[in-house]
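Please read the sequence and the model below together, and begin with the detail of a single residue before turning to the wider picture.

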Amino acid sequence: MIQYLLATLIGISFGIITGLTPGVHINLVSVMLLSISPMLLKITNPLTIATTIIAMGITHAFLDNIPSIFLGAPDPETVMAVLPGHKLLFQGLGWDAVRLTVIGSLLCLILAIIIAPLFALIFPPLYALVQPYTAWILIAIIIVMISRNSNKKWAIATFLFSGILGWVVLNMGISQPLFPLLSGMFGISGLLLSLSSSTDIPPQTDKETIKLQKKDFLAIIGGALSGSIIALFPGLGPAQAAALSTIILRTEEYTYLILTGGINTVNFVIALISVYTIDKARNGAIAVVMEIITVLDIPKLVFFAAVVLITGGIATILTLKIAKIFSKLMNKINYRYVSIGIIIFILILCVVLSGWIGLLVIFVSTAVGVIPQLTDCCRSNAMGCILVPVILFYLL
């Protein structure tokens, strides 16, 4: 038992690093652990390594909203939280924005664990029903998303430009293609516009300013349900599920952050259930876990659920405390310099992860990412960079 507690703490430590460092994703660290697993298995067992990866993933899901909100540097799971989070940041409520994501993360995590047995029962027949129509269902979702835009012309243009770019980039054979693609489209594009506006970050408060209503907690149910959709449809990640949920629930900025925080953590629980029921790992880290333990049974699922809950409780406290440190630092530093520093860091990391061709990708994706912000259409349309390649895969 001690070794599993130690593995959980090590995973939490890794999750803090990956969550707070823009561009360093848990999938990358998970693959690194897999590559050295033969050496690790000489001193421990597969379940211990899997525990470390799961604890890291849950911690990352809580903490990666901090750089997304305070620095505008998203991971693939948090791209849709940047805009509302930044709005609150410029109102001096950056810490409160993170608090809302934490509320969603923890409560959706608990709810997902409670209803996991129900998911395990309905996933196999539901997956068998929708799988032949995956491409057409995704197309229908896209049509609904675009129809909700007031500026439909530019919404369609954004979707098509991002979709073509995504198809090209994902077929170029470069390493870590999603990093330059999404970092430019959702990260650097927003940072450049904030630089051009020369707006100063106001003093940040670390007090609970935003008061939630009972109806706001409907986002918890929405996060759990929309997070589960990811397991049924390849190409739908947390960002797309959040965009779809906003259409159904008509969320506002506050509830939207609760929703996005919840979907990120539900993603991990649902990924475990989908592996057990339909043998589909919709999460890179969980795919690595299955490479290590090879077989997932009920006792392991119960054990992982315990790891998830323990990690979620610790990650809640850590995220709120670290976010307070960030809010105090934002009061003392020049945000313009921070934005420039983050852009330079992302560009350097792009070269390291994706090579020099990654710079070309990030420049083009940044140009596409600016379009919705200048034309007043929803940034979720830029998720065509993921959806178009998936649809073409199923249709061609």
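In this predicted model, tyrosine 394 has a relative accessibility of 31% and therefore counts as partly exposed, since that class lies between the limit of 20% for buried and 50% for exposed. Phenylalanine 393, by contrast, counts as exposed because its relative accessibility is 62%, and the cut-off for that class is over 50%. Tyrosine 4 counts as buried, because its relative accessibility of 17% falls under the 20% cut-off.

These residues also take part in aromatic pairs, of which the model has five. Two of the pairs are set out here.

| Aromatic pair | Centre to centre | Angle between the planes | Arrangement |
|---|---|---|---|
| Tyrosine 4 and phenylalanine 303 | 5.1 Å | 70° | edge-to-face |
| Phenylalanine 393 and tyrosine 394 | 5.5 Å | 85° | edge-to-face |

The pair of tyrosine 4 and phenylalanine 303 is edge-to-face, with 70° between the planes. Tyrosine 4 belongs to helix H1 (residues 2-20) and phenylalanine 303 to helix H15 (residues 298-330), so this pair ties together parts of the protein that lie 299 residues apart in sequence. Ring pairs further link Tyr4, Phe303 and Phe304 into a cluster.

Tyr394 is also one of the residues through which helix H18 touches helix H8. How closely do the axes of H8 and H18 approach, and at what angle do they cross? The axes of helix H8 (residues 134-147) and helix H18 (residues 384-395) come within 9 Å and cross at roughly 150°, and the two helices are therefore roughly antiparallel to each other, as an angle over 145 degrees is classed in that way. The crossing in which H8 passes H18 is left-handed. On the side of H8, the contact is made by Thr134, Ala135, Trp136, Leu138, Ile139 and Ile142, while H18 contributes Leu387, Val390, Ile391, Tyr394 and Leu395. Sorted by character, the residues of this contact comprise ten nonpolar and one polar, with no charged residue among them.

Turning to the protein as a whole, the secondary structure comes to 18 helices and zero strands. Of the 396 residues in the protein, 57% are buried. When contacts between residues at least 6 apart in sequence are considered, 83% of them join residues that are at least 24 apart.

Conventions
Residues are numbered from 1 along each chain as its sequence is written. This is a predicted model: local features need pLDDT of at least 70, side-chain atom pairs count only at pLDDT 80 or more; totals for chains, interfaces and linings use all residues. Side-chain values use heavy atoms; hydrogens and water are left out. Axes are lines fitted to C-alpha atoms, for helices over the stretch in contact, and angles run from 0 to 180 degrees between N-to-C directions. Helices (H or I, at least four residues) and strands (E, at least two) are DSSP runs, numbered from the N terminus. Angles under 35 degrees count as roughly parallel, over 145 as roughly antiparallel, 65 to 115 as roughly perpendicular and the rest as oblique. A crossing is left-handed if the near helix is turned anticlockwise from the far one by less than a right angle, and right-handed if clockwise. Contact means heavy atoms within 4.5 Å. Ala, Val, Leu, Ile, Met, Phe, Trp, Tyr, Cys and Pro count as nonpolar, Asp, Glu, Lys and Arg as charged, and the others, Gly among them, as polar. Rings of Phe, Tyr and Trp (its six-membered ring) pair if their centres lie within 6.5 Å; planes under 30 degrees apart count as stacked, over 60 as edge-to-face and the rest as tilted. Buried means under 20% relative accessible area, exposed over 50%, partly exposed in between (1.4 Å probe, protein chains only).
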